[in-house]
Amino acid sequence: MIGFGGLSHLGLVSAVAAASKGFEVVGYDEQPALVAELSAGRLPVHEPGLPDLVSEHAARLRFAADPSALAGCDVVFVAIDVPTDAADRSDLTPVSRLVGQVAAVVAPGTSIVVLSQVHPGFTRSLRPGAEARGARLYYQVETLIFGRAVHQAVNPERFMVGCADPADTLAPALAAFLGAFGCPVLPMRYESAELCKISINMFLVSQVVTTNMLAEICEGIGAEWREIAPALRLDRRIGPHAYLGAGLGVGGGNLQRDMATIRMLAAAHGADAALVDTWASLSQYRRDWALRTVYREVLARVQAPVLAVWGLSYKEDTQSTRNSPSVHLLTALSGIDVRAYDPAAVLPDGALPHVHRVQSALDACRGGDALLIMTPWREFGEASLAAVANALRGRSVIDPFGVLDPAAVHAAGLTHYRLGTGPAPSC
Amino acid sequence: MVLGARGFVAAAVIARLSRSGVSVLGLPAADLDLTAPDAGAQLAALLLPDDVLVFVSALTPDRGRDIATLMKNLQMGQQVSAALAARPCAHVVYLGTDAVYPDAATLVRESTCAEPGSFHGTMHVVRERMLIEALRVTATPLTRLRPSLLYGAADTHNGYGPNRFARAAVAGTPIALFGGGEEQRDHVAVGDVAAIVERVIAHRSTGVLNIATGRSMSFRALADLARDAVGGTVEITPSPRANPVTHRHFDITNLISAFPDFRFTDPREGVTAMVRELATAR
């Protein structure tokens, strides 16, 4: 039996993926209300494919608010969310506490695997406590991608497993579980695995930031980034899955947290992490592209402007607004009348009083001087542009991700502003 | 209370605030010489707890680029800081310059390291620091504004750019460019600076804010605007280039976030208005 402690987005998706491989799964969380919701089949997160997968494998899934439910597990994953402060520094106290709880109830020889993202050195610090209870402690790199989490969890590219000593063989139950996914398993020392996770994210950040920097150059010289990106994907040194979509900086919380961790490690060990500072600065700069564009095209020209905003979440197919460019935009637009719509994400009550939440994308457009599409939800690309043009008062459509077809926007009599696209050369 | 009241920027600030019905006391150098040893005591005697102090006084580079001028400017900062430490007021607005940033900085934002390449820029960095330290004790709000290049008919420096080009155009003399005038800079109408100062006071804003339009343009384009403003009747004369072309742009995200509905004067309108004003004054 496989256990999961902490039914976070990561924990829940991982638990369901385990059930989909034929394992009996028990999920523990200290919040009885959450457990009750899950037991009733109601999911607290928006994740494409998750409801179907839960329904399909419900017979092997059980949820409990009592840690003793994990007692019979051969492997227990600790997947609790790690809170961060305003400077993106992690508080790992909840992880320590949960590992202690699990170690207290499981049988000797049980593998406890930390899935939560921790900084290098943390797992080894927990080892004496876990082993005193007879448990074997591992750290496994999680690769959750909001919006694609189910596919990623069911079809992982590889497992990176941090061990006290990578020369030791993995615990048989853990090896059997990981083997069920049919992908390479890479054992390494704890510290390597912990840094491996951060390393992956740093390379992703470098791709995101480099892409965005080049996209801005495109906007200046009249080039089209979408014409360039496919050429880069065909370069073996860059690759078909590289992050080459122009966007609004580094979104989400994990990448920001890892940049903060690298800064901290570099400061502690005398390494040069100035590159991370540059990434952070460039990322923040591009995050505000829509603000500068709407200022230039609308706010600096129109008296008492009204803006329509589509999308609040930091990316499509998620309700998370953590580090969302849309929320940053709306915060900066304090005092400007905004009508906003998002298919899933919500703002805390009273958080942004100048933002009026409406029930449909078209409703948001009514009387607007510009439409800003801040999250590339699929449904936005299917909107009737004739209806949008009719509802808007102004003609500007600020569509950083290029959700809309440029020719269709033009045909509707609207002016389209996209990332990575400059005015076409005149001859 | 506005220090340096006869200056180009201070006069615009006083005019703007007065038009808005604000009670303004402008103190020119003739009434309060901030380089005098007792200037701090004199200023302290005038300050009231609910005053807003706008500190614009400085000896500009056309008055000297040497160490002596630097030291006089620092004395002024010392005196004002001493006055504020002795008699706290409600808010201090300091008008500095974008010369605090390195000459090589091509995209400037408030987080750009202040590493000036001139005594003038150094003076402003040090005076900002003086004020920060003086006001920290009394927890007085401080706003440090760093404007880019300014223009307006009342400018007295006749610096290269709109000020000199408009005067040449009105005089009917050729507009002389360095090289082809390719360098791009961000030029701000002085009235816009005054309007932002007014907003900063109204909001009691704190921190540092660059004042720039976010749209740099070449000196050649500005010369064209000045020439157009007089009906295209003056010549624009390039010269052999002596220095490499450099540009400066501003990321004005913070300014937009602070005042999202603020509208800068369009350069064509600004230059045309300046030309009209200069022509009327002739």
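Q: Why is Met71(B) called partly exposed?
A: In this predicted model, Met71(B) has a relative accessible area of 43%, and since buried means under 20% and exposed means over 50%, that value falls in between, so Met71(B) counts as partly exposed. The residue sits in helix H3 (residues 67-86) of chain B.

Q: What makes Ile67(B), Met71(B) and Phe119(B) a nonpolar patch on the surface?
A: A patch takes in residues with over 30% relative accessible area and no salt bridge, with nonpolar side chains joined within 5 Å; Met71(B), at 43%, is above that accessibility cut-off. Together with Ile67(B) and Phe119(B), Met71(B) forms a patch with about 290 Å² of accessible area.

Q: Why is the pair Arg124(A) and Glu191(A) called a salt bridge?
A: The rule asks for a side-chain nitrogen of Lys or Arg within 4 Å of a carboxyl oxygen of Asp or Glu, and the closest N and O atoms of Arg124(A) and Glu191(A) are 2.6 Å apart, so the pair qualifies as a salt bridge. Side chains of opposite charge can pair when their charged atoms come close. By the rule, the count over all chains comes to 31 salt bridges.

Q: What parts of chain A does the pair Arg124(A) and Glu191(A) tie together?
A: Arg124(A) lies in helix H5 (residues 122-132) and Glu191(A) in helix H8 (residues 190-221), so the salt bridge ties together parts of chain A that are 67 residues apart in sequence.

Q: How do you know whether Arg124(A) is buried, exposed or partly exposed?
A: The relative accessible area of Arg124(A) is 31%, and because the class in between runs from the 20% limit to the 50% limit, Arg124(A) is partly exposed. Its partner Glu191(A), at 25% relative accessibility, also counts as partly exposed.

Q: Why is Glu297(A) placed in the buried class, and in which class is Arg296(A)?
A: Glu297(A) has 14% relative accessibility, so it counts as buried, the cut-off being under 20%. Arg296(A), at 31%, counts as partly exposed. The two residues form a salt bridge, with their closest N and O atoms 2.7 Å apart.

Q: What makes the pair Asp251(B) and Arg109(B) a salt bridge, and which parts of chain B does the pair tie together?
A: The N to O distance is 2.9 Å, and the limit is 4 Å, so the contact meets the rule. Asp251(B) lies in the loop between strand S14 (249-250) and helix H8 (253-258), while Arg109(B) lies in the loop between strand S5 (107-108) and helix H4 (119-138), so the pair ties together parts of chain B that are 142 residues apart in sequence. Asp251(B) is buried, and so is Arg109(B). Elsewhere in the list of pairs, salt bridges that share partners join Arg220(B), Asp224(B), Arg227(B), Asp228(B) and Arg268(B) into one network.

Q: How many salt bridges does the rule find across the interface of chain A and chain B?
A: The rule finds one salt bridge across that interface. Arg292(A) forms a salt bridge with Asp251(B), their closest N and O atoms being 3.6 Å apart, a distance that is within the 4 Å limit. In the interface, 15 residues of chain A are in contact with 14 residues of chain B, and the two chains bury about 1,200 Å² between them, 55% of it on carbon and sulfur atoms.

Q: What is found between domain 1 of chain B and domain 2 of chain B?
A: Chain B is divided into domain 1 (2-149 + 188-211) and domain 2 (151-185 + 215-246 + 265-281), and their C-alpha centres lie 27 Å apart. The area buried between them is about 740 Å², of which carbon and sulfur atoms give 61%. On the side of domain 1, Phe8(B), Leu149(B) and Ala189(B) lose the most area, together 58% of what that side buries. Eight residues of domain 1 are in contact with seven residues of domain 2, and the rule finds zero salt bridges across this interface.

Q: Why is His57(A) called buried?
A: His57(A) has a relative accessible area of 10%, and buried means under 20%, so the residue belongs to the buried class. His57(A) is found in the loop between helix H3 (50-56) and strand S3 (61-64) of chain A, and, not counting residues up to four places away in sequence, His57(A) touches Ala19(A) and Ser20(A).

Key:
Residues are numbered from 1 along each chain as its sequence is written. Chains are lettered from A and ligands numbered from 1 in the order in which they are written. This is a predicted model: local features need pLDDT of at least 70, side-chain atom pairs count only at pLDDT 80 or more; totals for chains, interfaces and linings use all residues. Side-chain values use heavy atoms; hydrogens and water are left out. Patches are made of residues with over 30% relative accessible area and no salt bridge: like charges are joined within 9 Å, nonpolar side chains (Val, Leu, Ile, Met, Phe, Trp, Tyr) within 5 Å. Accessible areas come from the Shrake-Rupley method with a 1.4 Å probe; for residues, only the protein chains shown count as cover. Helices (H or I, at least four residues) and strands (E, at least two) are DSSP runs, numbered from the N terminus. Buried means under 20% relative accessible area, exposed over 50%, partly exposed in between (1.4 Å probe, protein chains only). Domain bounds come from an automatic or database domain assignment. Contact means heavy atoms within 4.5 Å. Buried area is the accessible area (1.4 Å probe) that two parts lose on being put together, summed over both.
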